[in-house]
Amino acid sequence: NNIRNILSYARKINIRYIDTASNYGLSEKVLGNTIKNDFEIISKFSKINFEISSVKAQIEKNLKNSLLNLRKKSIYGYLVHEANDLISENGKKIVKALFHFKKSGKVKKIGVSVYTTTELNKILKIFKPDIIQIPINILNQQFIKKNYLKKIQKLGIEIHARSLFFQGLLLDDNYKFLPKKNKLRKKIEHLDFICKKYSIPKLMLLIKFVAQIPEINKIVLGIDSSNQLRKIIDANNGSKPDV
């Protein structure tokens, strides 16, 4: 029921894409039992074990299970979850398999989820993904520097930003388990100070920081309830001054 409420609200505000993965617990099965054809799905497959069977066979099995669980004949995006697999000596085998399933029509776009610009630079030497998922937040700006995103955009790659809240550390007081002298904690405390000084809700600042980046096509957010999603949308629609 909770998932149905989230999806119902998502429809009302014109959200049409859902990001999931084969190793997100029962995520794909739950979605398969609740979504309709009005949502596009982006999924990711688990780390490849290069010793047990062929790369193509493993990806095919993973994709088949995902489509079965999602009750879909095809999905919008299928991404490599472990960037290191692509960078390995078997990377070209993964790329070849992905292009095969794209050509078959089972996936519309193929891509990869990365953590650093270094990872992405290495991957771009192997192939050009249709989609990349990258971490961007107010404390992690590595992809913004030196017009990096503009260069990626010119390649025709769809850019999805994730980790807006630094895996939740930037929200509320979630960072307070960190030692008081920890550099990350000091940065977050300074962010809290700025928000208090200018009377800007921190959620609003975190979302607007990423939402105003023109090269980003989609923002990936994890939520537990329709109320959380409503708060995020309200924060993005807010009109407090930028800092």
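1. Let me start in the middle of the sheet: Gly 77 sits opposite Lys 109, which belongs to strand 4. Strand 3 and strand 4 run parallel and are joined by 5 bridges. Keep in mind throughout that this is a predicted model. Strand 3 covers residues 75–80, and it is well covered itself, with 6 of its 6 residues buried.

2. Now zoom out to the sheet as a whole. It is an open sheet of 7 strands, pairing in parallel and ordered 1-2-3-4-5-6-7. The edges are taken by strand 1 and strand 7 (218–219), each with a single partner strand, so each has one side without a neighbour in the sheet.

3. Going from strand 3 towards that first edge, you meet strand 2. Strands 2 and 3 pair in the parallel sense over 4 bridges, and here Ser 43 stands opposite Tyr 78 of strand 3. Strand 2 spans residues 40–45 and is mostly covered too, with 5 of its 6 residues buried. On its other pairing, strand 2 meets strand 1 (residues 17–19), again in the parallel sense, over 3 bridges. One pair to look at there is Tyr 17, whose bridge partner in strand 2 is Glu 40.

4. The strand 1 and strand 2 pair also has a side-chain link. Lys 44 and Asp 19 meet in a salt bridge, at 2.9 Å from N to O. Lys 44 is in strand 2 and Asp 19 in strand 1, so this contact ties together parts that are 25 residues apart in sequence. What is the accessibility of Lys 44, buried or exposed? Its relative accessibility is 0%, so Lys 44 counts as buried. Asp 19 is partly exposed, at 24% relative accessible area. I'd pull this pair up on screen early on.

5. Back to Lys 109, the residue we began with. Its side chain meets that of Glu 158 in a salt bridge, 2.7 Å from N to O. Glu 158 lies in strand 6 and Lys 109 in strand 4 (residues 107–113), so the contact ties together parts 49 residues apart in sequence. Glu 158 is the buried member, with a relative accessible area of 9%, while Lys 109 is partly exposed at 22%. The pair doesn't stand alone either: Lys 109, Glu 158 and Lys 218 are linked in a network of salt bridges.

6. How many salt bridges does the structure hold? The count is 9. Besides the ones above, have a look at Glu 189 and Arg 185, whose closest N and O atoms are 2.9 Å apart. Both of these residues lie in helix 8, 4 residues apart, or about one turn of the helix. Arg 185 is buried, with a relative accessible area of 8%, whereas Glu 189 is partly exposed at 30%.

7. Helix 8 (residues 183–197) also holds Lys 187, and that takes us to the surface. Lys 187 belongs to a patch of positive charge on the surface, gathered together with Lys 145, Lys 146, Lys 151 and Lys 183. Lys 146 is found in the loop between strand 5 (131–135) and helix 7 (148–154). At 76% relative accessibility, Lys 146 counts as exposed, because exposed means over 50%.

8. Lys 146 deserves a second look for its backbone as well: its phi is near 55°, a positive value in a residue other than glycine. Phe 166 is another case, with a positive phi of about 55° although it is not a glycine. Phe 166 sits in the loop between strand 6 (158–162) and helix 8. Its relative accessible area is 26%, which makes Phe 166 partly exposed. These are two residues whose backbone I'd check by eye.

9. Last, a nonpolar spot on the outside. Ile 3, Leu 26 and Val 30 make a nonpolar surface patch of about 240 Å². Where is Leu 26? Leu 26 lies in the loop between strand 1 and helix 2 (27–34). Its relative accessibility is 61%, so Leu 26 counts as exposed.

Conventions
Residues numbered from 1 in each chain as written. Predicted model: local features only at pLDDT ≥ 70, side-chain atom pairs only at ≥ 80, totals over all residues. Heavy atoms only, no water. Patch = residues over 30% accessible without salt bridge, like charges linked within 9 Å, V, L, I, M, F, W, Y side chains within 5 Å. Areas by Shrake-Rupley, 256 points an atom, 1.4 Å probe, with all protein chains shown as cover. Salt bridge = Lys/Arg side-chain N within 4 Å of Asp/Glu carboxyl O. Lys, Arg positive; Asp, Glu negative; His and termini not counted. Charge placed at Lys NZ, Arg CZ, Asp CG, Glu CD. Helix = DSSP H or I, 4+ residues; strand = E, 2+ residues; numbered from the N terminus. Buried < 20%, exposed > 50% of the residue type's maximum accessible area, 1.4 Å probe, protein only. Pairing = 2+ DSSP bridges.
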